[in-house]
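Visitor: I am new to reading protein structures. Could you walk me through one, feature by feature?
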Amino acid sequence: MGNLRGKFITLEGIDGAGKSTHLGWLVSRLRAAGTSVVSTREPGGTPLGERLRELLLGQPMSVDTEILLMFAARAEHLARLIRPALDSGQWVVSDRFTDASFAYQSAGRGVPAERIRVLEQWLHPDLQPDLTLLFDVPPEVAGARMAGTGNALDRFERERVEFFGSVREGYLARARAEPGRIRVVDAQASPAIVQKQLEEILINLMNH
Ligand code: TYD
């Protein structure tokens, strides 16, 4: 008997990897296949979470505050959106989740991973994404993409290339540790080639 719970997909990568572009394609592709999908993001995804996002992206703060606010937003997201949607059989596609805390706050900012693990165990000991797509690009490429948009950069996007190098390594280390869940996508390729990679991964997921 298959269970009726929906599947949980998360998108990760350093800023400028292009995951927002691919999120739209991914959601349309799943809907075209007849799947009921909720598209959301972190930090954010709920009214309170979006207010916390504004603070997180704009306001200087200590790294402990940053971690706790990320997880406060996540607590709200899990309770009000992610869990109810999955329980009702909908699929959830989230632009970032807890892997981002391991990559940015631990690998990027140097906080021991154990601190993040404690909060993960508190909030979602029972829940992991069914699939995590890691959009991988060198930080120099990502930086050029961000600069090219002409948009004002937020508090994270203003970090140095060395910071994104550490974040990227953090993500890749997690992908090596959990190759079944985290699929690395070469995001340096053209959008069409990236989508081809995604298509293959999705077909696999939809058949399981
Ligand atoms: P991002 O998802 O890249 O949104 P946009 O494409 O609109 O800029 O922005 C969210 C930022 O938050 C990103 O720089 C990474 C950061 N972040 C963390 O540092 N830790 C986390 O746990 C999460 C969810 C995000």
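**Around the ligand**

Guide: Happy to! Keep in mind that this is a predicted model. Let's start with the ligand: 17 residues surround it, and Asp15, Arg74, Arg96, Ser101 and Gln105 come nearest.

Visitor: Which polar side-chain atoms lie by an oxygen atom of the ligand, and at what distance?

Guide: Look at serine 101, where a polar side-chain atom sits 2.6 Å from a ligand oxygen. Glutamate 157 also has a polar side-chain atom by an oxygen of the ligand, at 3.1 Å. Then turn to glutamine 105: an N or O atom of its side chain is 2.8 Å from a nitrogen atom of the ligand.

Visitor: Now the helices. How should I describe two packed helices?

Guide: Two packed helices are described by the angle between their axes and by the distance between those axes. Try it with α3 (residues 63-87) and α4: their axes come within 11 Å and cross at roughly 175°. An angle over 145° counts as roughly antiparallel, and therefore α3 and α4 are roughly antiparallel to each other.

Visitor: Which residues meet there?

Guide: From α3 come Glu66, Ile67, Met70, Phe71 and Arg74, and they meet Thr98, Ser101 and Gln105 of α4. Sorted by class, this contact has three nonpolar, three polar and two charged residues. You have met some of these names before: Arg74, Ser101 and Gln105 are among the residues that come nearest the ligand.

Visitor: And what is the angle between α4 and α7?

Guide: The axes of α4 (residues 98-108) and α7 (residues 161-177) cross at roughly 130° and come within 8 Å. That angle makes α4 oblique to α7. The crossing is right-handed. On the α4 side, the contact residues include Phe102, Ala103 and Tyr104, and on the α7 side they include Phe163, Phe164 and Val167. By class, the contact of α4 with α7 has nine nonpolar, three polar and two charged residues.

Visitor: What should I look for in the backbone?

Guide: Most residues other than glycine have a negative phi, and most peptide bonds are trans. Now look at arginine 96: although not a glycine, this residue has a positive phi of about 85°. Arginine 96 lies in the loop between β3 (91-95) and α4.

Visitor: Where is the cis peptide bond?

Guide: The cis bond joins glutamate 42 and proline 43, with omega about -15°. You will find proline 43 in the loop between β2 (37-41) and α2 (47-58).

Conventions: Residues are numbered from 1 along each chain as its sequence is written. This is a predicted model: local features need pLDDT of at least 70, side-chain atom pairs count only at pLDDT 80 or more; totals for chains, interfaces and linings use all residues. Side-chain values use heavy atoms; hydrogens and water are left out. Axes are lines fitted to C-alpha atoms, for helices over the stretch in contact, and angles run from 0 to 180 degrees between N-to-C directions. Helices (H or I, at least four residues) and strands (E, at least two) are DSSP runs, numbered from the N terminus. Angles under 35 degrees count as roughly parallel, over 145 as roughly antiparallel, 65 to 115 as roughly perpendicular and the rest as oblique. A crossing is left-handed if the near helix is turned anticlockwise from the far one by less than a right angle, and right-handed if clockwise. Contact means heavy atoms within 4.5 Å. Ala, Val, Leu, Ile, Met, Phe, Trp, Tyr, Cys and Pro count as nonpolar, Asp, Glu, Lys and Arg as charged, and the others, Gly among them, as polar. A residue is near a molecule or strand if one of its heavy atoms lies within 4 Å of it. A polar contact is a pair of N or O atoms within 3.5 Å; within protein, one must be able to donate a hydrogen and the other to accept it, and residues adjacent in sequence count only if both atoms are side-chain atoms.
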